[in-house]
Amino acid sequence: MDKSTETILSLQNLNIGYGNKKKFIKLMDTLNLSVNKGKMISLLGANGVGKSTLIRTIARLQPPLSGQIFLQGKDITTLSNKDIAKRISLVLTDPIQGGNLSVLELVEMGRYPHTSWSGKLNKVDHEKVENAIHHCSINYIKDANIFEISDGQLQKALIARALAQDGELMLLDEPTVHLDANNRYSVMQLLKKLVQETGKSVILSTHQVEMALDLSDELWLANCAESIITGSPATLVEANHISRMFPYLSGKHTMGEK
Ligand SMILES: Nc1ncnc2c1ncn2[C@@H]1O[C@H](COP(=O)(O)OP(=O)(O)OP(=O)(O)O)[C@@H](O)[C@H]1O
């Protein structure tokens with residue numbers, strides 16, 4: 001099979017939201033989407049539209065209301081937690097639990113789904129950790145404590161942990177939140193570089209519309225009233241979906257003329 005068209009993720013008739021006996025909130029309806037190998041996808045949409053919920057559902061942190069999710073052809077409900085962790089690397093915005101870790105130790109945690117019960121890292125694990133640190137250009141802080149480094153550096157360390165985990169799919173919920181403009185750009189560029197150099201697929205949620213337009217292979221536009229609209233940035237700009245959803249950008253951003 002041509003690797004570039006290999007489907008890593010497929011969502012089939014997926015409905016997401018929250019439901020219990022008292023309350024039922026459907027956020028996104030009948031999602032039929034797929035992600036190919038080596039693609040960077042940005043998930044855009046207003047506050048509360050359900051971006052984090054979608055990421056959490058794909059990562060199996062919460063169940064869908066209905067429908068199915070396939071990871072490399074396997075229904076995720078049939079996979080063990082360890083299998084999921086080997087296939088999906090997740091970067092959330094939650095504060096890190098775990099106390100007094102160095103950057104190196106944080107990145108090493110990415111290998112835990114691959115180690116035996118002892119949790120001991122072998123030669124391959126150490127190589128993957130070194131590689132991830134190298135790719136993310138954080139060698140200079142690898143011995144620093146994670147509480148001593150800046151938010152931008154920590155975000156890169158978390159991405160390195162996800163890379164060391166070596167899942168085919170990286171899911172990141174607002175990876176640039178709390179970062180200054182330079183660091184937002186540098187983190188998004190890092191993700192782009194990783195997609196190009198490692199062939200991983202990335203889905204990230206963000207409110208950084210312009211950077212997503214510049215760097216993504218595909219956008220998923222989540223809108224309360226409709227199902228997700230997908231396409232390349234150029235296609236979605238041309239079809240006026242971007243100007244309709246983000247009117248503040250009007251006249252400021254058309255593809256190729258910034
Ligand atoms: N555990 C929960 N139970 C019920 N409703 C929830 C729960 N968690 C989130 N919601 C609701 O689901 C909706 C979507 O939340 P979500 O965090 O997925 O949105 P989002 O698009 O990521 O928003 P933002 O851009 O602000 O981060 C919100 O209205 C939120 O209040």
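1. Let me start with a loop: H178 lies in the loop between β7 and α6. Elements here are DSSP runs numbered from the N terminus, with helices being H or I of at least four residues and strands E of at least two. H178 is not a glycine, yet its phi is positive, about 70 degrees. Most residues other than glycine have a negative phi. H178 is also exposed, having 12 other C-beta atoms within 10 Å. For that label, C-beta atoms are placed from the backbone, and a residue is exposed with 12 or fewer others within 10 Å of its own, buried with 20 or more, and partly exposed in between.

2. A word on the source before going on. This is a predicted model, in which local features need pLDDT of at least 70 and side-chain atom pairs count only at pLDDT 80 or more, while totals for chains, interfaces and linings use all residues. Residues are numbered from 1 along each chain as its sequence is written.

3. A similar backbone point concerns N13, which belongs to strand β1. N13 is not a glycine either, and its phi is positive at about 50 degrees. N13 is exposed, with 12 other C-beta atoms within 10 Å.

4. Strand β1 (residues 7-19) pairs with strand β4 (residues 66-71) in the antiparallel sense over 5 bridges, where pairing asks for at least two DSSP bridges between two strands. S10 has F70 in β4 as its bridge partner. The open sheet here has 4 strands in the order β2-β1-β4-β5, paired antiparallel. Its edges are β2 and β5 (74-75); each has a single partner strand, so one side of each is left without a neighbour in the sheet.

5. Now for β9 (residues 218-222), where 5 of 5 residues are buried. E218, W220 and A222 lie on one side and L219 and L221 on the other. Strand β3 (residues 40-45) pairs with β9 in the parallel sense over 5 bridges, and G45 stands opposite A222. Strand β10 (residues 229-231) runs antiparallel to β9 and is joined to it by 3 bridges, with G231 opposite L219.

6. You may like helix α5 (residues 151-165), which gives the largest nonpolar core its largest share, 8 residues. That core has 62 residues, and V107, I159, A160, L171, L191 and V202 have the most contacts inside it. The term covers buried Ala, Val, Leu, Ile, Met, Phe, Trp, Tyr and Cys residues joined through C-beta atoms within 7 Å. Beyond its neighbours within four places in sequence, V107 is in contact with residues including V129, A132, A160 and A164; contact means backbone-placed C-beta atoms within 7 Å.

7. In α5, 12 of the 15 residues are buried, so the helix is largely enclosed by the rest of the structure. Its cover includes α2 (81-87), β6 (88-91), α4 (123-135) and α6 (181-198). The end C-alpha atoms of α5 are 21 Å apart, in agreement with the 21 Å expected at 1.5 Å a residue; that expectation is 1.5 Å times one less than the number of residues. D166 follows α5 with a positive phi near 70 degrees.

8. Last, the ligand. Its shell includes Y18, G45, K51, S52 and T53, a residue being near if its backbone-placed C-beta atom lies within 6 Å. α1 gives the most to this shell, 3 residues, and both β2 (24-36) and α1 (51-58) supply at least two.

Note on methods
Contact = placed C-beta atoms within 7 Å.
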